[in-house]
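Colleague: Could we go through the aromatic rings in this model together?

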2 protein chains.
Amino acid sequence: MNEYCFEDIQIGKTESFQKKITVEMENSFREITGDTNPLHWDDAFAIEVGNGKFKSHVSFGMLTASFYSTLAGKYLPGKYSLIHSIDNLSFKKPVFVGDVLTVTGTVKEKYDDLKLICVSVTVTNQDEKVVSKADMKILVQK
Amino acid sequence: MNEYCFEDIQIGKTESFQKKITVEMENSFREITGDTNPLHWDDAFAIEVGNGKFKSHVSFGMLTASFYSTLAGKYLPGKYSLIHSIDNLSFKKPVFVGDVLTVTGTVKEKYDDLKLICVSVTVTNQDEKVVSKADMKILVQK
């Protein structure tokens, strides 16, 4: 886990990690949230409702978004992170079981008086397609 | 699970549900995401780093945000939901184990050509304090 303090972080700093989507992750996410929507487990329903856009059930968008927590909490800035807000969070392409996601964050702005950093985050799949993007504001508590 | 079609949904429509935060939810979320940040499990660290703001470890912000998935997927619109994007997602107050969160969504806009609804979401705790807010754009696939 990184332990960057506010002073350690320069504009342009980038951190990145990978996560493979599994059925077990989806099942755990469903249990936590109670979101039993069939789009996220019923292949036939997903294929029908998606009108050919989906090859199987689609992973929860908010499961992909949960990796924004990991980016802030482990990588950028790591230990002294406190997520303040997220803007422009979008889901560009569907994510499926077996996809290997690369989550990359780059520092775009620093607000010295608040010890706040603005991190632009992109999540790509194994085909280098962007599946999700967002701008996070993160307080650095040291 | 609600099964609202786009035509069923009027501006002003509101849906709401409750979730109690447990240590088991936090542990599952940590396992899914790999976010092992001590703010979310180490009471002493959270109290120290929070400078008196936190009474114990703080629940993951993105765990609270994961209930936005539940709101869309089970309640508004329910079965035919596909989350498109989320704006202005903010974390206003810390959430702790044992907190009972009320997630409320209200339809603010409808885009007929895209079958898209804009839902304003507020998450309050048992003291009726807002802990998180966001604006979600959701495609209604029927």
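Modeller: What follows covers ring pairs, burial and charges over rings. This is a predicted model, in which local features need pLDDT of at least 70, side-chain atom pairs count only at pLDDT 80 or more, and totals for chains, interfaces and linings use all residues. Residues are numbered from 1 along each chain as its sequence is written, chains are lettered from A and ligands numbered from 1 in the order written, and side-chain values use heavy atoms, without hydrogens and water.

Colleague: How many aromatic pairs are there over all chains?

Modeller: The count is 6. Rings of Phe, Tyr and Trp (its six-membered ring) pair if their centres lie within 6.5 Å; planes under 30 degrees apart are stacked, over 60 edge-to-face, and the rest tilted. Among them is the tilted pair Phe29(A) and Phe60(A), at 4.8 Å centre to centre and 45 degrees between the planes.

Colleague: Where do Phe29(A) and Phe60(A) lie in the chain?

Modeller: Phe29(A) is in helix H1 (residues 23-33), and Phe60(A) is in the loop between helix H2 (43-49) and helix H3 (61-75), 31 residues apart. Helices are DSSP runs (H or I, at least four residues), numbered from the N terminus.

Colleague: Are Phe29(A) and Phe60(A) buried or exposed?

Modeller: Both are buried, meaning under 20% relative accessible area (1.4 Å probe, protein chains only).

Colleague: And why is the pair of Phe29(B) and Phe60(B) tilted?

Modeller: Their planes are at 50 degrees, with centres 4.8 Å apart, so the pair is tilted.

Colleague: Changing topic, what sits over the ring of Phe6(B)?

Modeller: The charged end of Lys110(B) does, 4.2 Å from the ring centre; the rule asks for NZ of Lys or CZ of Arg within 6 Å of the centre and within 35 degrees of the ring normal.

Key:
Helices (H or I, at least four residues) and strands (E, at least two) are DSSP runs, numbered from the N terminus. Buried means under 20% relative accessible area, exposed over 50%, partly exposed in between (1.4 Å probe, protein chains only).
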